[in-house]
Structure formats: C-alpha cells, structure tokens
Amino acid sequence: LILCTPFVYGPMPGSLDLRAARRQPRRAFLTCPPPVFNRDMALRVLMVGRKHEDWVVDGIRRYEKRLKKPFDLSWVSIPHSARENDAARKEESERLLAKLGSDYVILLDERGKAITSPQLAKTLQKPLDNSRNVTLIIGGAYGVDQSVHDRADFVWSLSPLVFPHQLVRLILAEQVYRAQEIAAGRPYHHE
C-alpha cells in the first residue's frame with residue numbers, strides 16, 4: 001500500500017498578492033513517493049556448477065548493470081559433486097541447504113509452478129517488503145532432492161522444457177530485471 005499526499009500547485013491563500021491569487025487557478029495533485037525498499041535486502045542466486053561460461057557472461061552483465069537494490073543479484077557457485085545420480089543429488093542438496101539460513105527460497109524446477117512476469121515481480125517483492133532476503137536456487141545436472149523442495153517457499157518453473165544451466169542463468173537475470181521494472185512501474189514489460 002502506497003500512501004499519497006495531496007499537493008497544491010499555485011498561489012496559496014494568504015499570499016501577499018491576493019489579486020494574483022484570485023486570477024490564477026489552483027491545481028491539486030496527488031504525489032506518491034517512490035517505492036521504499038529496505039536497502040539491506042538482496043537477491044542471491046545459489047547455483048550448482050562452475051562460474052558463468054563466456055557465451056553467457058555478456059548477457060548476464062547486460063542485465064546486472066541495470067539492476068538496482070533490492071533487485072541486484074549476487075551469484076554463489078556450489079561445486080558439482082564428484083558422485084553420480086542420487087548420491088550427487090543428495091550431496092549437492094546438503095551443500096545448498098547449508099547456505100540458506102532464514103531466506104525466502106525460490107527453487108527453479110521444470111516441475112514447479114509456471115507464473116507470469118508480473119506474478120514473479122510480486123513473488124520477489126513480498127519477502128523483500130517483509131525484510132527477508134531472497135535466494136533463488138538452480139540445482140545441478142541431477143536436480144535437487146526432496147529436502148530442498150521441502151525447504152523452498154516457492155518452486156518456480158521457467159518452462160516445462162529443460163534448459164542448460166548456463167542458459168537458465170541468463171533467463172533468470174533477464175526475468176529479475178523485468179520484475180524490477182514491473183515493480184517500479186516502468187514500461188519495459190508489455191502485456
């Protein structure tokens with residue numbers, strides 16, 4: 001809820017030149033302050049795997065330059081497990097859970113809920129408004145185990161398709177930028 005205050009433009013009653021005040025119409029406006037964000041809140045991406053590959057770096061940087069608090073992203077890489085299948089999934093999931101704390105957690109999973117960009121903006125904004133950091137998780141090649149699903153506050157599907165993890169990072173950066181612009185009421189997103 002944003003509270004707006006009335007603002008009157010034009011001569012005020014009691015001004016020294018009453019004749020000028022009578023000739024000039026008064027105009028009333030509502031002024032709304034810009035959204036106020038807790039500057040300590042942040043978005044963090046926990047991802048299993050190596051740093052960004054060269055082909056995706058330029059795209060991610062393009063959006064990172066435009067992101068402002070609290071929508072700016074920090075990227076934290078968790079190493080791949082040397083194991084395979086369930087053992088790798090379990091080990092990587094334990095590493096991810098160890099990094100979470102009390103953050104609002106959004107897990108990216110193709111079996112999650114598909115939402116629109118405006119819904120994403122609201123999903124990101126709500127915990128930030130409640131002074132909670134947001135952590136987005138991109139699992140490894142084998143995904144994550146049930147413990148990460150249980151810990152997630154929201155499981156988000158970019159698409160029912162499966163994408164390479166590097167491409168998911170780029171799509172995520174663009175969608176966070178889009179959410180920032182929607183939350184601020186700027187015209188980047190078109191319905």
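Strands, like helices, are DSSP runs numbered from the N terminus, a strand having at least two residues. The exercises below use this numbering on a predicted model.

**Exercise 1. Find which strand gives the most to the lining of the largest pocket, and describe that lining.**

Solution. Begin with the space itself, which amounts to about 350 Å³ in the largest pocket. Of the 21 residues lining the largest pocket, Leu-108, Asp-109, Glu-110, Val-162 and His-165 are the closest to its centre. Next, ask which elements contribute two or more residues to this lining: they are strand 5 (104-113) and helix 6. Strand 5 makes the greatest contribution, with five residues. Finally, sorting the lining of the largest pocket by class gives 12 nonpolar, six polar and three charged residues.

**Exercise 2. Determine how helix 2 and helix 6 are oriented to each other, and list the residues through which they meet.**

Solution. The first step is the geometry: the axes of helix 2 (residues 54-64) and helix 6 (residues 165-184) come within 9 Å and cross at roughly 10 degrees. Angles under 35 degrees count as roughly parallel, and helix 2 and helix 6 are therefore roughly parallel to each other. The second step is the contact, to which helix 2 brings Trp-55, Val-56, Gly-59, Ile-60 and Tyr-63, while helix 6 brings Gln-166, Leu-167, Arg-169, Leu-170, Ala-173, Glu-174 and Tyr-177. By class, the contact of helix 2 with helix 6 comprises eight nonpolar, two polar and two charged residues.

**Exercise 3. Repeat the analysis for helix 4 and helix 6, then follow Pro-118 to its contacts.**

Solution. The axes of helix 4 and helix 6 come within 8 Å, crossing at roughly 80 degrees. Because angles of 65 to 115 degrees count as roughly perpendicular, helix 4 is roughly perpendicular to helix 6. On the helix 4 side the contact involves Ser-117, Pro-118, Leu-120, Ala-121, Leu-124 and Gln-125, which meet Gln-175, Val-176, Arg-178, Ala-179, Ile-182 and Ala-183 in helix 6. Eight of the residues in this contact are nonpolar, three are polar and one is charged.

Pro-118 lies in helix 4 (residues 117-129). Setting aside neighbours within four places in sequence, Pro-118 is in contact with Ile-182, His-189 and Glu-191. The C-alpha atoms of Pro-118 and Glu-191 are separated by 9.4 Å, although these residues stand 73 residues apart along the chain.

**Exercise 4. Locate the cis peptide bond that ends at Pro-70 and the positive phi of Asn-85.**

Solution. Start from the general expectation that most residues other than glycine have a negative phi and that most peptide bonds are trans. The peptide bond from Lys-69 to Pro-70 is cis, with omega near 0 degrees, and Pro-70 lies in the loop between helix 2 and strand 4 (73-78). Asn-85, which is not a glycine, has a positive phi of about 50 degrees, and this residue is found in helix 3 (residues 85-97).

**Exercise 5. Establish where the confidence of the model is lowest and where it is highest.**

Solution. For the chain, the mean pLDDT is 84, with 79% of residues reaching 70 or more. Taken by element, confidence is lowest in strand 1 (residues 5-9), at a mean of 45, and highest in strand 7 (residues 154-156), at 98. Over residues 1-16 pLDDT stays under 50, and the model has 29 contacts beyond four places in sequence for them. Residues 28-39 also stay under 50, with 23 contacts beyond four places in sequence.

Conventions
Residues numbered from 1 in each chain as written. Predicted model: local features only at pLDDT ≥ 70, side-chain atom pairs only at ≥ 80, totals over all residues. Heavy atoms only, no water. Axes fitted to C-alpha atoms, helices over the stretch in contact; angles between N-to-C directions. Helix = DSSP H or I, 4+ residues; strand = E, 2+ residues; numbered from the N terminus. Parallel < 35°, antiparallel > 145°, perpendicular 65-115°, else oblique. Contact = heavy atoms within 4.5 Å. Nonpolar A, V, L, I, M, F, W, Y, C, P; charged D, E, K, R; others polar. 1 Å grid on protein atoms, 1.4 Å probe; cavity = no way out; pocket = protein on both sides within 12 Å on 5 of 7 lines; lining within 4 Å. Points joined across faces, edges and corners; volume = space filled by probe spheres on them. pLDDT = per-residue confidence, 0-100.
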